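User: Could you zoom in on one part of this model for me and talk me through what's there? I'd like the residue-level detail, please.

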Amino acid sequence: MRVVLLGTAAGGGFPQWNCACALCAAARDGKLPSRTQECVAVSGNGRDWWLLNASPDLRAQLAATPALWPGPGPRQTSVRGVLLTDAEADHVSGLASLRGAAGLKVYAAPPVRAVLGPARAALDRYAPWEWADSLADGGFVLAGGLVVTAHPMGARIPRYVPAQAPAPAGPWVTAYRIEDLASGGVLVYAPCVGAWSPALDELCAEADCVLLDGTFFAADEMGTTVRSGAGQAALGHLPVTGPDGTLAALARHPRPRRIYTHLNNTNPLLDPGSLARARVAEHGAEILPDGAELVL
């Protein structure tokens, strides 16, 4: 299985357009590498590619990845579809960039498909797509020899959904377990984790690689960096550090390769020379750049 990290930043990218924090300023000065918004591409055969989420930066990400370039026909593409982990704007707005490509298949949990109803109707006017339930019993098989199961990770409803509107029931946030039938390699993809669970422990225990939510390094990060009243708990992301943080949880699973993604622009892990990056490295976890490719 080939896995390409198309983007590794949280919503807004890095640097964020309206943020003048020290990290964003350093990125604008060329002292830190910029990052596009989180998105991944996977393939079991190098010909059929599936996107994990669809970021607002998707057009640029596809253009920067030769394996995903169109051809050989004038309108042929190796992109077969998208697996959505949630309905957040930074994970679904890139679907608009794919409009007009006939025959794509989009997998998502029932509440996500429901809230995207108007967008689905609009996109289908350009070319018909198939919209499937990612939580269907038994999982599903993707072209290229990948077997996928989706696992509930939380019920955080996107902010754009009106509070007074009755929200669809069910898990809004999922993680994916993706297994390559040929190699036996297993990828766990969980870019949004609001609370650690025994189910996530089970997924990590049998994985060869875990792409995990690294949005915030510390629980008070938003408040101390940009003087915002919004903390990580309100945004539905576990911090990397702290007694209940993901770094401590990952320590129980030393076998798989452990990689943090979905890094917020306030996260000191964005700085390769930071003490935060050194601490994570000491625990065996990694921070990779946009465009990094893994083989499982």
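Analyst: Let's start with the second largest pocket, whose lining residues split into ten nonpolar, four polar and three charged (Ala, Val, Leu, Ile, Met, Phe, Trp, Tyr, Cys and Pro count as nonpolar, Asp, Glu, Lys and Arg as charged, the others, Gly among them, as polar). Bear in mind that this is a predicted model, where local features need pLDDT of at least 70 and side-chain atom pairs pLDDT 80 or more, while totals for chains, interfaces and linings use all residues. Residues are numbered from 1 along each chain as its sequence is written, and side-chain values use heavy atoms, without hydrogens and water.

The second largest pocket holds about 510 Å³ of space (an open set of 1 Å grid points where a 1.4 Å probe fits, with protein on both sides within 12 Å along at least five of seven lines; lining means an atom within 4 Å of a point; the volume is that of the probe spheres on points joined across faces, edges and corners). It has 17 lining residues, and Leu62, Pro70, Arg75, Thr77 and Ser97 are the closest to its centre. Helix α2 (residues 58-63) supplies the largest share of that lining, with three residues (helices are DSSP H or I runs of at least four residues, strands E runs of at least two, numbered from the N terminus).

Now for the rings. The whole structure has three aromatic pairs (ring centres within 6.5 Å, using Trp's six-membered ring; planes under 30 degrees apart are stacked, over 60 edge-to-face, the rest tilted). Trp50 and Tyr107 make a tilted pair, because their ring centres are 6.3 Å apart and their planes sit at 55°. Trp50 belongs to strand β3 (residues 49-52) and Tyr107 to strand β5 (residues 105-108), so this pair ties together parts 57 residues apart in sequence. Both Trp50 and Tyr107 are buried (under 20% relative accessible area with a 1.4 Å probe, protein chains only; over 50% is exposed, in between partly exposed).

Tyr107 also pairs with Phe140, and here the rings are stacked, 3.8 Å centre to centre with 5° between the planes. That contact links Tyr107 in strand β5 to Phe140 in strand β7 (residues 140-142), 33 residues away. Tyr107 has a relative accessible area of 4%, and buried Phe140 comes in at 9%. Put together, ring pairs join Trp50, Tyr107 and Phe140 into a cluster.

For the backdrop, the chain has nine helices and 14 strands, and 51% of its 296 residues are buried. Its C-alpha atoms fill a box of roughly 50 × 45 × 40 Å along the principal axes.
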